[in-house]
Amino acid sequence: MGRDADAPPAVDKRLSGTHRRGSFATTVALAAVLLTLGGLTIYGNLVTTRTTLAQSEALAVDAYFSEARNAISVAELHTRQYQLEPLPTVRVRYESATAAAREALRQAARSDSVDARADAGRLLREHDAYCAAADKLLKLVANADPDATRLDRSEVAPAFYTLQHDVDTVARRYHDVAQQQVAQLRQAQVRMLYAIVVGFLVGLLLVAVIWRLVLGFQRRLALQADASEHLASHDSLTGLPNRMKFHRELAETLHGPGSASSLTAAVMMIDLNGFKAVNDSLGHQAGDDLLVEAGRRIQGALREYDTVARLGGDEFAVLLPRMPDTEVARQVAERIAAALREDFLLSAGPVRISGSIGIAMETDPVDGDELLRRADAAMYRAKTTGSGVTIYDAEADTGTHDRDQLFEDLRAVIDSADPQDQLVLHYQPQIRISDGAADGAEALLRWRHPQRGLLSPAAFLPLAEGTELETPLTRMVLDRAVEQAHQWHQQGRPLVVAVNVSARCLFDEGFAKTVETALHRHQLPAELLCLEFTDGAIMTRSQQAVEVLRSLHTLGVQVSVDDFGAGFSSMAHLRHLPATGLKIDRFFVRDLATQDDAALLRNPTELAHSLRLSVVAEGVEDVSVLAVLRDLGCDHAQGFGLARPVPAEELLAACDEAERRARLGLTAVVTNHEPSGSTVPCR
């Protein structure tokens, strides 16, 4: 009985041992599943990460070689163009393209791939050989050397074809490698999925947890892959397609299955007028905000299947794949132009810009680069003529040579310090409204071109704006105006001479010293010089620009805000700047006969006086408005109604005539009001 009594415990022990062995086995099995899943997960992560990195590297190398191939083709295009039109601008574009190709190859040479570095090194040597031959050819072409044709055939063309064939082969090979990496990444993801399904069936709850973790990781990998692809083909600021993606979509549109339909493709090039002023005046953040909003407005004016891309800077391109005719394309462009003309409400303040739009239609079989070039030429014509929207015209848009020649003529005049005095200053008198006396004049630039005659500023100043000529031209005008003001001062007629100054000078640390040197050299009292900056320039929040203004104020030079109220005006910001006066934009003066327009002018005038700023009203076409300006508190006035701009030697006579007209206008108004016995005193 004792054995029988002991039997149950023995069974319990066996059952307990079996349970323990089962639990242990289960635990071991779960641990094995966990370890296996962990190992598979770690392995899969390593493989996926390695494959993703390899994919990213392959895509980057593919992009570098593709960029180099495109740049080499562009360089060859400009080489051929230079043989037809040996212009400096063509030479500059050629050099820019070769530099871009060289930089892309150097980027590829820094790749982790040994083969890519070797290919890039070889292509760099071939590219240098081609550039050396091409440079020699361009030099011969520039010198009209008949050996240019021989050199082209014997050296340049073979070098280009060798380079082109090699870079095409390399680019295609690395494109295939990139595609293979994508396929490998997908295979790795599929293998991981199978492992997770098996683990789920065996490990139940534990595997389910691991499953969720891995799925989350997979989703992150997929999102990262999509984000990488999106970043490679889209502009990081606006989120719009970039130049590479736009070229790809344009090529697909021109040569794809639908290219044989009756509808044609149209390309637009859009340049933002006034963007540089916003960027320089309100800061780069404001410029970025403006670009984002401009891209959104352009996109909003298009159809669902149209494409807008940011090519760089303030330049956008639009692809209209199915256009029935030119008129429909123009209507789309007009919608875009209207959207861009509306005020932009930025965090830095409201701004107003416009757009210059060039349209090129696929009227004949052309490639994407040629269509873009045509749209760009039309856009430039729209920008220079101020027409807003222009459609490419083969005859009208081949005038770039004329513009380039005028630019080179201007460069030659500035570089040579203008020994023939082609750049001349005319002066427009400014009268003091309180007594009608002429006590100042504004210097206005003209160009006596040897072949074209006397050119107004609108004919040549836009060519210098935003280029390396802008600052030296401003300094030349400044020096001549100071010299002339000194001559009038010596003649016993001290006049305050106002000079329009480029916004770039506010970011030139040496500009204040330039002004001081000019005043000292010509012995002109500083208070007889007034430097006028546009309100867009002087409203800048740049600390460097503020320091330049303070330096000018320390010299005793007057600083005035020109065209006040035309764009960026902010009286609150002006109170923190060392300005001495402001010039009311002619828009406010034009229709002063109405009470509403007078009210518009009264507020800024009173605010200016509260800040101890003098007020000049420009655009006075009729002397009868002088009394209104006097009543509103304006201090000075100028305009065609008083005197037109005249050469320096005629200014004193023009001042006398302006005084006579001003006093006649003011006296006539006083006489008309004498019966009532009420006149408004001058301020």
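Me: In this predicted model, where buried means under 20% relative accessible area, exposed over 50% and partly exposed in between, what makes R661 partly exposed?

Reply: The relative accessible area of R661 is 31%, and because partly exposed covers the range between under 20% and over 50%, R661 belongs to that class.

Me: Why is the contact of R661 with E657 called a salt bridge?

Reply: The closest N and O atoms of R661 and E657 are 3.0 Å apart, and because a side-chain nitrogen of Arg within 4 Å of a carboxyl oxygen of Glu meets the criterion, the pair qualifies. Both residues lie in helix α20 (residues 651–673), 4 residues apart, which is about one turn of the helix; E657, with a relative accessible area of 28%, is partly exposed.

Me: What makes D168 buried, and which part of the structure does its salt bridge with R69 tie to helix α4?

Reply: D168 has a relative accessible area of 18%, and because the limit for buried is under 20%, D168 is buried. Its side chain meets that of R69 in a salt bridge (3.9 Å, N to O), and since the cut-off is 4 Å, the pair counts. D168 lies in helix α4 (residues 147–233) and R69 in helix α1 (residues 2–84), so the pair ties together parts that are 99 residues apart in sequence. R69, at a relative accessible area of 25%, is partly exposed.

Me: How do you know that the length of helix α8 agrees with what its residues should span?

Reply: At 1.5 Å a residue, the 16 residues of α8 (residues 326–341) should span 22 Å, and the C-alpha atoms at its ends are 22 Å apart, so the two values agree.

Me: Which residues of α8 are buried, and why are they said to line one face of the helix?

Reply: The buried residues are A329, V332, A333, I336, A337, A339 and L340. Seen down the axis of α8, they fall within an arc of 160°, so they line one face of the helix. What covers them includes β1 (264–273), α7 (284–300) and β3 (315–323). At the start of α8, a side-chain oxygen of D325 reaches to within 3.1 Å of the backbone nitrogen of E327.

Me: What is the confidence of the chain, and where does pLDDT stay under 50?

Reply: The mean pLDDT of the protein chain is 81, with 84% of its residues reaching 70 or more. Over residues 1–20 pLDDT stays under 50, and the model has 4 contacts beyond four places in sequence for this stretch.

Terms used:
Residues numbered from 1 in each chain as written. Predicted model: local features only at pLDDT ≥ 70, side-chain atom pairs only at ≥ 80, totals over all residues. Heavy atoms only, no water. Helix = DSSP H or I, 4+ residues; strand = E, 2+ residues; numbered from the N terminus. Expected span 1.5 Å × (residues − 1). Buried < 20%, exposed > 50% of the residue type's maximum accessible area, 1.4 Å probe, protein only. Arc of directions from axis to C-beta. Contact = heavy atoms within 4.5 Å. Polar contact = N/O pair within 3.5 Å; in protein donor to acceptor, adjacent residues only side chain to side chain. pLDDT = per-residue confidence, 0-100.
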